[in-house]
Amino acid sequence: MSEAEPFTYDGGIVASGETRNVRYTVSETYLGDAVRMPVTIVNGEQSGPTVFLTAAAHGDELNGIEVVREVAHEWDHEGLAGTLVCLPVLNVPAFLAQERYLPIYDRDLNRSFPGDPDSTSAKRMAHEIFRNFLAPCDVGLDFHTSTRGRTNMLHVRADMGDPEVARVANAFASNVIISSDGPSGSLRRELSDSGVPTITIEMGEAHRFQRPLIDSAIESVRSVLTEFGLRDSDTVRWPGWRTVIDDSDEKTWIRADSGGLVDMHYDRGDLVYEGDVICTIANPFKTENTLMRAPFTGLLVGILENPLVYPGNPLCHLVRLDDRTQRAIEWNRRADDDDW
Ligand SMILES: [Zn+2]
C-alpha cells in the first residue's frame, strides 16, 4: 500500500504517519484575541480516505465531544490507512457560553455552512472550518444531541436517497435512521451536496456525558472506518434491527394540550402501542390530569427531560414502525429480558 498524502490546511501540513494537535484561529473576540478551535489531525502511515469527525456545532451538545476525543487520543492508530480530521468543538464561542447558538446575535453555526468570508461572523467562521478541514475530506460524521430539556435515542439523520451517504449511514449501524436531505446551511447537507457524504448522529441530551451512548457511538465509528478501509482489524456492524424513516412515514412531535408538570411514563427508545398513556400533565394541586396517549403504535425517538410545559410544547417524538420492524424490536426486547 502506498504512503499517505500529507494533509494541508492554512498555515500547516501534517505528514504521513504524523499526529498533530493544533489550535486553529477561526475568529477574534471583542478584545481582538484569537478564537481558537481545537483540531487533531491523525495522518496514517498508509494512504486511504480522509474522514472528519465533528462535534459541538451546537455549543452545549457535549456527548459527541467525548466520542471525537476518544477516537483521536485513546485509539491505537497503528496501521491506519487514511486520515482522521477530529474537530471536537466546532462552535467555540457557544461552547464557552454553554449555549446552543453563537452568542453573537444568536446565530446558528449549523445553518451557516458552507460559509462566506465577506458575510456575518457565523458565516466567516463556518467558511474557515469548511474550506480548511471539511471540504478536503471523503466522508463526514457530525455528532449532535437533542436540544436542551429533551433527550434522543441514538439515531442517524442522513439522505438515504444518496447512495454514498446511505453507505456511511448503514455502516454507522444505528437502529433508527431518519432520512432527509437536511436543512439548507447545515453541515451535513452542504458537505453532502459538495460531494463529501456526511451524516448527523443524534445522541442523548445536552450538557451531559452519557457513557453508554458514547461507547455505542465509538463502536459505530470503528464500523464506518472499517467499511471505508481505514482500519482492517474490526468488522462492519449490524445493529440487530434497523428502520429507515422517510418523509412518507408517519412521525410526529406530540405536543402538550395543557400547561403543567409532566410525569413521563416511558424512556427514549421505548416502543409504545396505540392508546398507551405516554405521559400525564398535572396542575400544581394534582387535581386535573391530562393524559397524553399514543395516536399510533411506534417508537419514542425523543422525549422531554425538563418536566415543565406550556400548551404546545413538545413532549415526545413518535415514529410509526412497519410490522416487521415492530416484531423485530419486540423479539429483541424479549431476548434482552431473558438475559436478566
Ligand atoms: Zn445539534
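Buried means under 20% relative accessible area, exposed means over 50%, and partly exposed lies in between (1.4 Å probe, protein chains only). With that in hand, helix α1 (residues 63-73) is largely enclosed by the rest of the structure, because nine of its 11 residues are buried. This is a predicted model, in which local features need pLDDT of at least 70, side-chain atom pairs count only at pLDDT 80 or more, and totals for chains, interfaces and linings use all residues. Residues are numbered from 1 along each chain as its sequence is written, and side-chain values use heavy atoms, with hydrogens and water left out.

**Annotated span and helix α1**

- According to UniProt, in an unreviewed entry, residues 48-226 carry the annotation "domain: Succinylglutamate desuccinylase/Aspartoacylase catalytic"; the positions follow the numbering used here, feature names are shortened, and such annotations may be inferred rather than shown by experiment.
- Residues 48-226 are 36% helix and 23% strand, and the C-alpha atoms at the two ends of the span lie 11 Å apart.
- Helices (H or I, at least four residues) and strands (E, at least two) are DSSP runs, numbered from the N terminus.
- The buried residues of α1 include Asn63, Glu66 and Glu70, alongside Ile65, Val67, Val68 and Val71.

**The zinc site**

- Here is the metal site: His58 (ND1), Glu61 (OE), Glu61 (OE) and His144 (ND1) coordinate the zinc ion at 2.1 to 2.5 Å.
- Donors are N, O and S atoms within 2.8 Å of the metal (3.2 Å for Na, K and Ca), and since water is not among the atoms, sites may look incomplete.
- Along the sequence, the donor residues follow the spacing H-x2-E-x82-H.
- The arrangement is irregular, because the four donor atoms subtend angles of 56 to 148° around the zinc ion.
- For reference, four donors count as tetrahedral if all angles lie between 85 and 135 degrees; four count as square planar and six as octahedral if opposite donors are over 155 degrees apart and all others between 65 and 115; anything else is irregular.
- His58 and Glu61 are both buried.

**Backbone points to check by eye**

- Most residues other than glycine have a negative phi, and most peptide bonds are trans.
- Ala56 has a positive phi, near 55°, and sits in the loop between β5 (46-55) and α1.
- The relative accessibility of Ala56 is 0%, so Ala56 counts as buried.
- Ala173 also has a positive phi, near 65°; its place is the loop between α4 and β9 (176-179), and its relative accessible area of 7% makes it buried.
- The peptide bond from Phe113 to Pro114 is cis, with omega near 5°, and Pro114 belongs to the loop between α2 (92-97) and α3 (121-134).

**Residues in helices and their contacts**

- Contact means heavy atoms within 4.5 Å.
- Arg167, in helix α4 (residues 163-172), is partly exposed at 34% relative accessible area.
- Apart from neighbours within four places in sequence, Arg167 is in contact with Glu227 and Phe228; the C-alpha atoms of Arg167 and Phe228 are 9.3 Å apart, with their positions 61 residues apart along the chain.
- Ser223 belongs to helix α6 (residues 211-227) and is buried, with 0% relative accessible area.
- Setting aside neighbours within four places in sequence, Ser223 is in contact with Ala171, Thr235, Val236 and Arg237.
- Thr325, in helix α7 (residues 323-338), is buried at 7% relative accessibility, and beyond residues up to four places away in sequence it touches Trp241, Arg242 and Thr243.

**An antiparallel sheet**

- Four strands, in the order β16-β15-β13-β18, form an open sheet with antiparallel pairing.
- Its edge strands are β16 (289-293) and β18 (308-309), each of which pairs on one side only.
- Two strands pair if DSSP finds at least two bridges between them; β15 (residues 277-282) and β16 have five, in the antiparallel sense.
- Within that pairing, Ala282 stands opposite Asn289 in β16.

**Cysteines**

- A disulfide is a pair of cysteine sulfur atoms within 2.5 Å, and by this rule the count is zero.
- For Cys86, the closest cysteine sulfur is in Cys137 at 9.7 Å, too far for a bond.
- Cys316 is in no disulfide either, as the nearest cysteine sulfur, that of Cys279, is 6.1 Å away.
- Cys86 is buried at 1% relative accessibility, and Cys316 is buried at 1%.
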